[in-house]
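Colleague: Please take one part of this model and examine it closely. I should then like to see that part set beside other elements of the chain.

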Amino acid sequence: MTSERKPAEARPERMGALARLPVFLSLEGKRCVLAGGSAAASWKAELLSAAGARIEVYAAEISDEMRQLTADAPRGKIVVVPRAWTPDDIRGAAVAIGAFEDNEGAAQFAAAARAAGVPVNVIDKPAFCDFSFGAIVNRSPLVIGISTDGAAPVFAQAIRAKLEALLPKGFANWASAAARWRSVVKDSGLSFVARRKFWQVFTAHAVANPERDPTEADFARFVAEVKGLGVAVENGSVTLVGAGPGDPELLTLRAVRTLQSADVILFDDLVSRDVLDFARREARKMLVGKTGFGPSCKQDDINALMVSLAKQGKRVIRLKGGDPLIFGRAAEEIDACKAANIAVDVVPGITAAQGAAAKLGIPLTDRDSSRRLQYVTGHARSGKLPADIDWRALADPTTTTAIYMPVKTLEALVAKATAEGLDPTTPSLAISRATRPDQQVVAASIGELPARMAEANLPGPVLVMLGRIIGNAGERAADAALRPASLARTASE
């Protein structure tokens, strides 16, 4: 008998420590002061000009780069004043930037800027800086800044290069369209929920067609699509999302997009907390814990909460470990939504057997040794061994079998299966916390596995896999995966 608990809102984790607060300054038409005319100073002047600032450069001598820049500024005008700076020049500026070779000059400039209440940056001298310039990915008005707090500028540039490759240049056009359309959407007469739906439709099209320029026809089509939903747009929805076996990098792109649009996330104990880091920060996160033979929320309570939140117009995500359609009670939750006329969708995930096999480098099928794959649950609704297992299929030597939730019933299952024809020498594995950094593996013949599992006292969730292919591939995977597990067991004994 499992103890009962109620759904509970999970306290969100506090923001981790920030070396720098990322802030995007609006400098359009504002005066900025730059002391120095070097090539390094010209790059800062170019950034300020691109942001629309009016730049005053104070320098007795200027570099060729600065001279060329003043003649062809990207946006804001750059004026060179051919003399050294004075404290009066800084007063009233939006920001002050200095380029100095010596610390004495840098200290004097920084002190003058701070006395005037002006944020200051001294190039390549972080001790005198109130703010820093990060590496920039420019898809303006979509702008991404990257900072390592000056610790590793080359690393920041490498990250910028990665993001440049990931973000199509066409996103700039979609971001510009969003800026043009925002006030129009706000004044369109659409409700708050309908406006949010508009931006969801907009985003889906932008992601799917990044290199196509958005047009006014697109705007009209998006509005018509939202209006075409009628009163249904005011209703919430439920999406069952597979969180995968644990490693957050195994989330699908669709799962990530869905998590980032959630109002409420109902998640199980078995969902890795790292997966929740991909969710929309403002979303409510509620633990509706379901653990094998541990404290669990009643399924009826989860269904009622899910439907109630959706009827309030919320976008509800039911986040489940692995794949929601494999031993995840998806049928009960889908039926509850349909009975309440709530729109329900499913985002599949990588199930534990796939994740574990991939981590260990073990194929699940093979033309010679395994022509069939089957998933079996280790316990019935009562918590006991299911009475309707196809024992003949379990004993088939050409089948790979994955047994979910096997811990409490494996001994009885193996006894019954071997009596029905399963070869007790069939190779098998017990995998604990598959794909996670603390994954553990116990290897043994299926006849010996229950005792070996009890000895190892593996933490959940645990998956058992058996079949001839486990033995063939297990030898190749032993050094990479099984040896660390055996060492972990030895250390704990």
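**The mixed sheet and its surroundings**

Modeller: Five strands make up an open sheet, in the order S14-S15-S18-S16-S17, with mixed pairing; two strands pair if DSSP finds at least two bridges between them. The edge positions belong to strand S14 (372-377) and strand S17 (440-445), each of which has a single partner strand, so one side of each is left without a neighbour in the sheet. Averaged over this sheet, and ignoring direction, neighbouring strands are turned by 20° against each other. Helices (H or I, at least four residues) and strands (E, at least two) are DSSP runs, numbered from the N terminus.

This is a predicted model, in which local features need pLDDT of at least 70 and side-chain atom pairs count only at pLDDT 80 or more, while totals for chains, interfaces and linings use all residues. Residues are numbered from 1 along each chain as its sequence is written, and side-chain values use heavy atoms, with hydrogens and water left out.

At the S17 edge, strand S16 (residues 427-432) runs antiparallel to S17 and is joined to it by 6 bridges. One residue pair can be named here: Ser432 has Gln440 in S17 as its bridge partner. Helix H16 lies across S16, S17 and S18 and runs at about 150° to S17; angles run from 0 to 180 degrees between N-to-C directions, with axes fitted to C-alpha atoms, for helices over the stretch in contact. The loop between H16 (449-456) and strand S18 (462-466) holds Pro461. Pro461 is joined to Gly460 by a cis peptide bond, with omega at about -5°.

Another sheet invites comparison. It too is open and has 5 strands, in the order S4-S3-S2-S5-S6, and its pairing is parallel. Strand S4 (78-81) and strand S6 (120-122) are its edges; each has a single partner strand, so one side of each is left without a neighbour in the sheet. Neighbouring strands in this sheet are turned by 20° against each other on average, direction ignored. At its S6 edge, strand S5 (residues 96-98) pairs with S6 in the parallel sense over 3 bridges, and Ala96 has Val120 of S6 as its bridge partner.

Two helix pairs may be added. Helix H6 (residues 171-186) packs with helix H8 (residues 216-228) at an angle of about 55°, the axes being 11 Å apart. Trp174, Arg180, Trp181, Val184 and Val185 of H6 meet Glu216, Asp218, Phe219 and Phe222 of H8; contact means heavy atoms within 4.5 Å. Helix H11 (residues 299-311) and helix H12 (residues 330-339) pack at about 40°, with axes 10 Å apart. There, Gln299, Ile302, Asn303, Met306 and Val307 of H11 make the contact with Glu332, Glu333, Ala336 and Cys337 of H12.

Two loops also deserve mention. Between H12 and strand S13 (343-347) lies Asn341, which has a positive phi of about 60° although it is not a glycine. Between strand S7 (135-139) and strand S8 (142-146) lies Pro141, joined to Ser140 by a cis peptide bond with omega of about 10°.

As to confidence, the protein chain averages a pLDDT (the predictor's confidence in each residue, from 0 to 100) of 88, and 92% of the residues score at least 70. Over residues 478-493, however, pLDDT stays under 50, and the model has 15 contacts beyond four places in sequence for this stretch.
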